[in-house]
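This report describes a single protein chain for a reader who is new to structural analysis. Please keep the sequence and the three-dimensional view at hand while reading.

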Amino acid sequence: MRCQIRVLVLLLLLFPFTLVAQFRKYSNEFLNIGAGARGLAMGSAQVASVGDGTAGYWNPAALVQVREQPQLSLMHAEYFAGIGKYDYGNLAIPLKDGKRTIGISVLRFAVDDIPNTVFLVEPDGTINFDNITTFSSADYAFLFSYAQTLKMKNPDKKLNLGFNAKVIHRKAGDFATAWGFGFDAGIQYINKRLQIGIVARDVTTTFNAWSYSINDKMREVFYVTQNEIPVKSTELTAPKLIGGASYNFKLGKSVNLLAEANLDFTFDGRRNTVISSSAVSIDPKIGLEASLKDIFYVRAGINNFQKALKDEDSTYTQKVWIYQPAIGAGFRIQNVMIDYAFTNLANQSNPLYTHVFSLKLDLVKKKKKK
């Protein structure tokens, strides 16, 4: 067992450094949006403290905390005034021994009614608006999760391991289709009120194999307008390492305050983050959650720190730090949990606010009548 742990730790900590340069930056970005209003309200700082079905997204090792009955999680969010729609669903199923849990998660991000203007201009140079059609662009991800807890001598300490196998399907109208595959691995350590989590996403790299279906008429338009005709290609996603720690402070008999901090390490080149270099970029995330009797919750968080041009500067030379704040709340009624998050996309002068709702349902088994 110790050998297995050492191998997994080595994969989590060392593998990302062996793969650089040959990957496309910001590949499969829809997988970085998040899952569940609780996590989004806490600024996506979740890898350490998560303990419900959304762990299939944040940290598969924590999925083992769903022990007593199956759990269903659902979320819906809309971005850019409803232009982009994002949906998430998860089903976590604990196995009979109480030490293992399996789960499946489905994510979808789609933009509908995109104008197709390829044939807007007729061969004689006239513009014909009747030739405009619309299409949809949709990204899907299916995550198959497995988690188990390891035996520890001290009952107050727990070590959980987990893995994700994910299938990705991306589609842009009838023109482009991609299928992809990848793996995630995670560790969660629990010592009373302290929790530590480490997740390696795309640990073996994730690839998307793109294929295109373009008829002769469209090819002719691309050739005349000097646009590149797409061919089959492969898009690679570089590994990403996320580490975090959380602590649950006891403020009274019925009030708790949970604080968590995460660090995202990317290895695909320099990014606009707090710490940025050609070798590694680091993006911090901070989240807080206050709970009352484990019934009512208030949350806040910040992430996505970036340098941007100052709006009031007409010379376009001064830069300021901006960040993405979030707040939210939640409440529990028996086996039902309803969460809400209010976030924006870090725009200085015209913030783009988004309302996010999610539902978590413990599927309580009916007791047999005597």
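Strands are runs of at least two residues that DSSP assigns as E, and they are numbered from the N terminus. By this definition T237 belongs to strand β9, which covers residues 233-237. The model discussed here is a predicted one.

## Salt bridges

Side chains of opposite charge can pair when their charged atoms come close. How many salt bridges does the structure hold? There are 11 of them. Three of these pairs are set out in the table below.

| Pair | N to O distance | Burial |
|---|---|---|
| R170 and D139 | 3.1 Å | both buried |
| D202 and K166 | 2.8 Å | both buried |
| D268 and R271 | 2.6 Å | D268 buried at 13%, R271 buried at 17% |

The salt bridge between R170 and D139 has its N and O atoms 3.1 Å apart. This pair links distant parts of the chain, since R170 lies in strand β5 (residues 157-172) and D139 in strand β4 (residues 133-150), 31 residues apart. Both partners, R170 and D139, are buried.

Strand β5 also takes part in the salt bridge of D202 with K166, whose closest N and O atoms are 2.8 Å apart. K166 is the partner in strand β5, whereas D202 sits in the loop between β7 (194-201) and β8 (206-212), so the pair ties together parts that are 36 residues apart in sequence. Like the previous pair, D202 and K166 are both buried.

The third pair joins D268 to R271 at 2.6 Å, N to O. D268 has a relative accessible area of 13% and counts as buried because this value is under 20%. R271, at 17% relative accessibility, is buried as well.

Salt bridges can also be joined to one another. R38, E289, R299 and D339 form such a network.

## Cavities

The structure holds two cavities of 30 Å³ or more. The largest has a volume of about 260 Å³. Which residues lie closest to its centre? They are S27, N32, D202, T237 and K240, out of 21 lining residues. D202 is thus both a residue close to the centre of this cavity and the salt-bridge partner of K166. By class, the lining of the largest cavity has nine charged, seven nonpolar and five polar residues.

Two of the residues close to that centre also meet each other: the side chain of T237 makes a polar contact with the side chain of S27, at 2.8 Å. T237 is buried, with a relative accessible area of 7%.

The second largest cavity has a volume of about 100 Å³. Its lining consists of 17 residues, and G36, D52, T54, D339 and S358 lie nearest the centre. D339 was met above as a member of the salt-bridge network. Helix α2 (37-41) and strands β1 (71-79) and β17 (353-362) each supply at least two residues of this lining. The lining divides into seven nonpolar, six polar and four charged residues.

## Two strand residues and their surroundings

L288 lies in strand β13 (residues 281-292). Its relative accessible area is 40%, and L288 is therefore partly exposed. Although L288 and M42 are 246 residues apart in sequence, their C-alpha atoms are 5.9 Å apart in space. Leaving aside residues up to four places away in sequence, L288 touches M42, L258, A259, V298, R299 and A300. Among these contacts, R299 is also part of the salt-bridge network.

A165 is found in strand β5. With a relative accessible area of 27%, A165 is partly exposed. Under the same exclusion of residues up to four places away, A165 touches F142, L143, F144, G182 and F183. The C-alpha atoms of A165 and L258 are separated by 30 Å, and the two residues are 93 residues apart along the chain.

## Positive phi angles

Most residues other than glycine have a negative phi. N28 has a positive phi, near 55 degrees. Is N28 buried or exposed? N28 counts as buried, at 3% relative accessibility, and its place is in the loop between α1 (2-14) and α2.

N304 also has a positive phi, near 55 degrees. N304 lies in strand β14 (residues 296-309) and is partly exposed, at 23% relative accessibility.

Conventions:
Residues are numbered from 1 along each chain as its sequence is written. This is a predicted model: local features need pLDDT of at least 70, side-chain atom pairs count only at pLDDT 80 or more; totals for chains, interfaces and linings use all residues. Side-chain values use heavy atoms; hydrogens and water are left out. A salt bridge is a side-chain nitrogen of Lys or Arg within 4 Å of a carboxyl oxygen of Asp or Glu. Helices (H or I, at least four residues) and strands (E, at least two) are DSSP runs, numbered from the N terminus. Buried means under 20% relative accessible area, exposed over 50%, partly exposed in between (1.4 Å probe, protein chains only). Contact means heavy atoms within 4.5 Å. On a 1 Å grid over the protein atoms alone, a cavity is a set of points where a 1.4 Å probe fits but cannot get out, and a pocket is an open set with protein on both sides within 12 Å along at least five of seven lines; lining residues have an atom within 4 Å of a point. Grid points are joined across faces, edges and corners, and a volume is the space filled by probe spheres set on the points. Ala, Val, Leu, Ile, Met, Phe, Trp, Tyr, Cys and Pro count as nonpolar, Asp, Glu, Lys and Arg as charged, and the others, Gly among them, as polar. A polar contact is a pair of N or O atoms within 3.5 Å; within protein, one must be able to donate a hydrogen and the other to accept it, and residues adjacent in sequence count only if both atoms are side-chain atoms.
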